[in-house]
Amino acid sequence: MREIRLMKGNEAIAEAAIRCGADGYFGYPITPQSEVMETLMALKPWETTGMVVLQAESEIASINMLYGGAGCGKKVMTSSSSPGISLMQEGLTYLAGAELPCVVVNVVRGGPGLGTIQPAQSDYFQAVKGGGHGDYKLIVLAPSSVQEMADFVELAFDLAFKYRNPAMILSDGMIGQMMEKVEMKPYRPRWTSEEIANLHPWATTGKPKSRERNIITSVELDANAFEVFNHKLQKKYQQMEEEEVRFEEFQCDDADYLFVAYGSSARICQKSVQILRGKGVKVGLLRPITLFPFPSKKIAELSNRLKGILSVEMSAGQMVEDVKLAVGCKVKVEHFGRYGGVIHSPEEVVDALEKKIIGG
Amino acid sequence: MAIDIKDIIKPENLVYSKSSLLTNRPMHYCPGCSHGVVNKIIAEVIEELGIQEDVIGVAPVGCSVLMYNYIEVDWHEAAHGRAPAVGTGIKRLLPEKYVFTYQGDGDCAAIGTAETIHACNRGENIVMVFINNGIYGMTGGQMAPTTLQGMKASTCPFGRDVQRDGNPLKMTDIVATLPGTCYVTRQAVHTAAAVRKTKKAIIKAFENQKNKKGTSFVEVVSTCNSGWKMTPMESNKWMEANMFPFYPLGDLKNE
């Protein structure tokens, strides 16, 4: 029987984590995502699935608890919002460098600094370009509904383990806080210790006589050896770009103009498309679901028959750089977005397309 | 009559051998450094307790960053100061395994102060080993949180001035006040007797973990003869004369 519930995006994240067989959640409260840990603590999964939930002393500690748990081959996750995610950048680069899988949810709020608790999409660069030091990438998924908040937890874990790489769910305060109906997936059992030993032979489980010791580390003092390791990482990111790009097209087939928008902005742009179609303007929407890997090929392909693209994002213009790189000056690409916690209206987006792209 | 060496190297004449858990890799520590001795003690303790298949170690950033090269157990190499958080993650998810962290003074008592205090305060059921030599060895002899007043380091070349640099921090005294710790002790490895005492302390710490008693915290007041610019012998004497009065040896808490 289908199980349909009305819930907040943050609550859906928590419920989905338990259902997909997560082993541990470590976090620190911050608005607008505190419901994730509150929901987990209220559901007491340690009494049912055995999942561990712990409130850490900081985001720095949370992400390092993930490093410990992930190194043991466990499915571990944390969630936070922008300032807290900034604190996690050290841990994330260590996780990427040690090739550890984990899931990090960023329910983005307006920055810079302490900023505001209102929704924003201004952490795009930090999420898709690495964020911490060194050459690395996170797998970045951008949900645009409460349903996707739930579904992407499992997907993020699957991708994180497939590539032994941290995965981020890049959401925002709007999707985190809004309530929608969600179809919950059935429970998936947590991995047993035997399954972990078989599936993840690299995991530190205590060294049996049958194998060499496992060492979770990101240090390599020999520069030539470390370059070889970096090549391996780059190959992995390349493979993600070839195999894991996900996006959704909305009325793109006959479009003269295109919106590129993810998450909350994509929801708003759907309405803008309807308004413009009503006026006879042939416009479509491409919604990247993976922000890394970015759907560059698809955007390049579409741009061959477009008159212009408007990248719409609740930021001062971050994703627009990747759209421009994908298009390569073939057609006009502009950015539009309200930011600092302000959400643009569908009408403002319509106006921006008319002024910046059609009339510009 | 000449004695043939082959007549001496016989099993019945064997009086000492290194722990089978110590790898054959030469240690990178400077001659005279305390790290090698403490690494060896930990290997011996794990072997003697017969728990090597159930141990996960957490190495820090600092001179012992490559400690995982020396002991035959599973390891995590943590970011600077974060070993207690990494250890927490491991222990919470694998509560039946033995987890120990190994940190220097910069790691445990400066950059990782929050992680140290909160892991101890939660009473994480782990062993924490804290090497205090009053200096940053790996990066070339800079001032540590535990550098003594007046003690010279490359970032306080005229000696630690407490007006400018603050006071040396007694992390072990701090964690002894926390209800989560069950055993807090300060030891050294400068004499055979001290080595035996430190070994006993580390055995006790692992036994506490077996009995789920909470956090066991073992400080080892140590020498860094390279950083201190002394011979190993001079370092031991200097440590006894200067470090021990400020960091007195003995149990601070034993519950």
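A residue counts as exposed here if 12 or fewer other C-beta atoms lie within 10 Å of its own, and as buried if there are 20 or more. Keep that cut-off in mind for two residues further down. One more thing up front: what you're looking at is a predicted model.

**Chain A as a whole**

Let's begin with the overall picture. The secondary structure of chain A amounts to 14 helices and 15 strands. A compact globule of 360 residues would have a radius of gyration near 21 Å, and chain A has 21 Å, so the two agree. Along the principal axes, the C-alpha atoms of chain A fill a box of roughly 70 × 50 × 40 Å. Of the 360 residues in chain A, 54% are buried. If you take the contacts in chain A between residues at least 6 apart in sequence, 78% of them link residues at least 24 apart.

**A crossover and a sheet in chain A**

Early in chain A there's a neat bit of topology. Strand E2 (residues 24-27) and strand E3 (residues 52-55) of chain A run parallel and are joined by four bridges. Within that pairing, A:Phe26 has A:Leu54 in E3(A) as its bridge partner. Add helix H2 (residues 35-43) of chain A, and E2(A), H2(A) and E3(A) make up a right-handed β-α-β unit.

Further along, five strands of chain A form an open sheet with mixed pairing, in the order E10-E12-E11-E14-E15. Strand E10 (247-250) and strand E15 (332-336) of chain A sit at the edges with a single partner strand each, so one side of each is left without a neighbour in the sheet. From one strand to the next, the twist averages 20°. Inside this sheet, strand E11 (residues 257-260) and strand E14 (residues 308-312) of chain A pair in the parallel sense over four bridges. One bridge there matches A:Leu258 with A:Ile309 in E14(A).

**Where the chains meet**

How many residues does each chain put into the contact? Chain A brings 32 residues and chain B brings 29 residues. On the side of chain A that touches chain B, E2, E3, helix H3 (59-71), helix H5 (89-97) and E9 of chain A each supply at least two residues. H3(A) gives the most, with nine residues. Sorted by class, that side of chain A has 14 nonpolar, twelve polar and six charged residues.

The chains also share a sheet. Eight strands form an open sheet with mixed pairing, ordered E9(A)-E2(B)-E1(B)-E3(B)-E4(B)-E8(B)-E7(B)-E9(B). Its edges are strand E9 (215-216) of chain A and strand E9 (250-254) of chain B; each has a single partner strand, so one side of each is left without a neighbour in the sheet. The link across the chains is E9(A) with strand E2 (residues 74-77) of chain B, which run parallel and are joined by two bridges. There, A:Ile216 stands opposite B:His76 in E2(B).

Moving into the chain B part, strand E1 (residues 55-59) and strand E3 (residues 98-104) of chain B run parallel, with four bridges between them. B:Ile56 stands opposite B:Val99 in E3(B). Helix H2 (residues 34-49) of chain B lies across E1, strand E4 (127-132) and strand E8 (215-221) of chain B, and runs at about 160° to E4(B).

**Backbone oddities**

A few backbone angles in chain A deserve a look, and here they are together.

| Site | Feature | Angle | Location |
|---|---|---|---|
| A:Thr31 to A:Pro32 | cis peptide bond | omega near 10° | A:Pro32 in the loop between E2 and H2 of chain A |
| A:Gly111 and A:Pro112 | cis peptide bond | omega about 5° | A:Pro112 in the loop between strand E5 (102-108) and helix H6 (124-128) of chain A |
| A:Glu99 | positive phi, not a glycine | phi about 55° | loop between H5 and E5 of chain A |
| A:Cys329 | positive phi, not a glycine | phi about 70° | loop between helix H13 (319-327) and E15 of chain A |

Now back to that cut-off. Is A:Glu99 buried or exposed? A:Glu99 has 20 other C-beta atoms within 10 Å, so it is buried. A:Cys329 has 9 C-beta neighbours inside 10 Å and therefore counts as exposed.

Conventions:
Residues are numbered from 1 along each chain as its sequence is written. Chains are lettered from A and ligands numbered from 1 in the order in which they are written. This is a predicted model: local features need pLDDT of at least 70, side-chain atom pairs count only at pLDDT 80 or more; totals for chains, interfaces and linings use all residues. Two strands pair if DSSP finds at least two bridges between them. A crossover is right-handed if, with the strands pointing away from the viewer, the path from the first strand over the helix to the second runs clockwise. Two residues are in contact if their C-beta atoms, placed from the backbone, lie within 7 Å. Axes are lines fitted to C-alpha atoms, for helices over the stretch in contact, and angles run from 0 to 180 degrees between N-to-C directions. The radius of gyration is taken over C-alpha atoms; the globule rule is 2.2 Å times the number of residues to the power 0.38. Ala, Val, Leu, Ile, Met, Phe, Trp, Tyr, Cys and Pro count as nonpolar, Asp, Glu, Lys and Arg as charged, and the others, Gly among them, as polar.
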